[in-house]
Amino acid sequence: KDINFLRASSVVSVIIYHIEKSFLPGGWLGVDIFFFISGYLISNKIICEIKNNTFQFRNFYLKRVKRILPALFSSLIFTVPFAFFLLPPLEMYLYLNSFQSSLLFYSNLYFENLDFYNSPSTKLFPLLHMWSLSIEEQFYIIFPIILFLIFKFRNKSFFKFIIFTFLISLFLSSLDFGNSVFYQLHFRIWEFLFGVILMFL
């Protein structure tokens, strides 16, 4: 219930922030809280199953697919008729590119490399918010493999590895790498790992 409350608060804060930034200036933190929750829940689930010898990659990824793809497809399909009827050619072209990148979970990289200075208003990018889902999915794909290998073969080094990676990512995110700090997983992974650390403690 506590985690569901955090999720709800995060969603509401992000929505309010996007409606009008002045209503809730720190509303963007909802995304960071979501990353933190993901790290906490996923690591807890994987470690418990590894300890009980019940962890299977197939089951893990299948559950993620069942949980995420229906909502993703619904969001993508919902935007299609609006984009078709409302967007002029250039915006439609950008929309189709963002559609593909969202479907394949690399929209964070797509939007990072988009020239927003010469592009239309971000209000005409209905899938702009998909960058955060792409980061989360990249984490879901990579982290279980790393976690499984370390926990299986270097169990005693697990927590040290998490702390070390957390500190490196946190340090990198404090440097000036432009848009990359906002859009790329390795600058954001400290937020997920903060959840992992709390779960472990």
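In helix α7 of this predicted model, the buried residues are Phe158, Ile162, Phe166, Ser169 and Ser173. Viewed down the axis of α7, these buried residues fall within an arc of 75°, so they line one face of the helix. Lys160, Phe164 and Phe171, on the other side of α7, are exposed. Phenylalanine therefore appears on both sides of the helix, with Phe158 and Phe166 buried and Phe164 and Phe171 exposed, each assigned by a relative accessible area under 20% or over 50%. The cover over the buried residues of α7 includes α2 (29–51), α6 (130–153), α8 (180–183) and α9. Helix α7 itself comprises 16 residues, from 158 to 173. The distance from its first C-alpha to its last is 23 Å, close to the 22 Å expected at 1.5 Å a residue.

Two of the helices that cover α7, namely α2 and α6, also contribute to the largest pocket, as does α8. This pocket holds about 1,800 Å³ of space. Its lining is made up of 44 residues, of which Val14, His18, Val31, His129 and Ser132 are the closest to the centre. Two or more lining residues are given by each of α1, α2, α3, α6 and α8. Helix α2 supplies the largest share of the lining, ten residues.

Individual positions in α3 and α6 were also examined. Thr79 lies in helix α3, which spans residues 57–86. With a relative accessibility of 11%, Thr79 counts as buried because this value is under the 20% cut-off. Beyond its neighbours within four places in sequence, Thr79 is in contact with Tyr95, Pro126 and Leu127. Ile141 belongs to helix α6. The relative accessible area of Ile141 is 45%, and this residue is therefore partly exposed, between the cut-offs of 20% and 50%. Although 77 residues separate Ile141 from Arg64 along the chain, their C-alpha atoms are 9.6 Å apart.

Confidence in the prediction was assessed along the chain. The average pLDDT is 89, and 97% of the residues score at least 70. Among the elements of the chain, the lowest mean pLDDT, 89, belongs to helix α1 (residues 2–19). The highest, 94, belongs to helix α9 (residues 185–200). Helix α1 is among the elements that give two or more residues to the lining of the largest pocket, whereas helix α9 is among those that cover the buried residues of α7.

Key:
Residues numbered from 1 in each chain as written. Predicted model: local features only at pLDDT ≥ 70, side-chain atom pairs only at ≥ 80, totals over all residues. Heavy atoms only, no water. pLDDT = per-residue confidence, 0-100. Helix = DSSP H or I, 4+ residues; strand = E, 2+ residues; numbered from the N terminus. Buried < 20%, exposed > 50% of the residue type's maximum accessible area, 1.4 Å probe, protein only. Contact = heavy atoms within 4.5 Å. Expected span 1.5 Å × (residues − 1). Arc of directions from axis to C-beta. 1 Å grid on protein atoms, 1.4 Å probe; cavity = no way out; pocket = protein on both sides within 12 Å on 5 of 7 lines; lining within 4 Å. Points joined across faces, edges and corners; volume = space filled by probe spheres on them.
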